[in-house]
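Please open the structure in your viewer and keep the selection tool at hand. The tour below goes from one selection to the next and says what is found at each stop.

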Amino acid sequence: FSTVAKMDFGISGSRVDTSTPRTNQQPIPAATRQAKATTSMKPTSMTRARDWSEDVEEAFRLQFCGWQSLEEYVTSFGEPERWADTNFISKLRKKQNGFFVYWKKTRECEDKDLRKVKLYSM
C-alpha cells in the first residue's frame, strides 16, 4: 500500500462576515464619545483606594469597563442598570467596543484589586 492519502486540514464552509458587531445596537464611535466626555468637568486630583467601600466598588466596576466616572458613562449610554437590593451596578457597556459586562449582586472588587481603583475628586 504505497498510496498515501493527502489530508487537507483547511477550513471549509461559508465565510462569516466579521466586519459588523454581533449585537443589534451599534457602539457609539470613539470620536463621539470623546467629544461628549470632554464637555464634562475634569478631575482635579486622584488617589488610590486603600479600603473597600460602596464608592470603591462602583469605581472598580466602571474602571474595569474603561470609564473614568459615572458621569462619563452616562453621557454615552445613560444610567446603568442596578441591582434593586444592593444598588450595585448590574450591567455596563465597555468603552472600547460597546459590549455588555454583567456584574454580581455581591462585592466584585477583591482586596488584591483595591490598589488598581482610582478615586477622582472634582
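Begin by selecting S2 and S3, two strands that run antiparallel and are joined by two bridges. Within this pair, Glu81 has Lys91, a residue of S3, as its bridge partner. Please keep in mind throughout that what you are viewing is a predicted model.

Now add strand S4 (100-102) to the selection, and an open sheet of three strands appears, in the order S2-S3-S4 and with antiparallel pairing. Which strands stand at the edges of this sheet? They are S2 and S4, and because each has a single partner strand, one side of each is left without a neighbour in the sheet. In general, the strands of a sheet pair through backbone hydrogen bonds, in either a parallel or an antiparallel way.

Next, select Asn87, which you will find in the loop between strand S2 (81-82) and strand S3 (89-93). Although Asn87 is not a glycine, it has a positive phi of about 65 degrees. Is this residue buried or exposed? With a relative accessible area of 48%, Asn87 counts as partly exposed, because the exposed class begins over 50%.

From the loop, move on to the largest nonpolar core, which has 16 residues, and select Val56, Leu62, Cys65, Leu92, Trp103, Cys109 and Val117, the members that touch the most others. H2, H3 and S3 are the elements that give two or more residues to this core, and H2 provides the largest share, with four residues.

Stay with two of the core residues, Cys65 and Cys109. Cys65 has a relative accessibility of 2% and so counts as buried, while Cys109, at a relative accessible area of 0%, is buried as well. As for disulfides, which require a pair of cysteine sulfur atoms within 2.5 Å, the count comes to zero.

The last stop is the largest pocket, which holds about 240 Å³ of space. Select Ala59, Gln68, Ser69, Leu70 and Tyr120, which are the closest to the centre of the pocket among the 14 residues that line it. To see where the lining comes from, colour helix H2 (54-64), helix H3 (70-77) and strand S5 (118-121), each of which supplies at least two of its residues. Helix H2 gives the most to this lining, with five residues. Sorted by class, the lining of the pocket is made up of seven nonpolar, three polar and four charged residues.

Note on methods. Residues numbered from 1 in each chain as written. Predicted model: local features only at pLDDT ≥ 70, side-chain atom pairs only at ≥ 80, totals over all residues. Heavy atoms only, no water. Buried < 20%, exposed > 50% of the residue type's maximum accessible area, 1.4 Å probe, protein only. 1 Å grid on protein atoms, 1.4 Å probe; cavity = no way out; pocket = protein on both sides within 12 Å on 5 of 7 lines; lining within 4 Å. Points joined across faces, edges and corners; volume = space filled by probe spheres on them. Nonpolar A, V, L, I, M, F, W, Y, C, P; charged D, E, K, R; others polar. Pairing = 2+ DSSP bridges. Core = buried A, V, L, I, M, F, W, Y, C linked by side-chain atoms within 4.5 Å.
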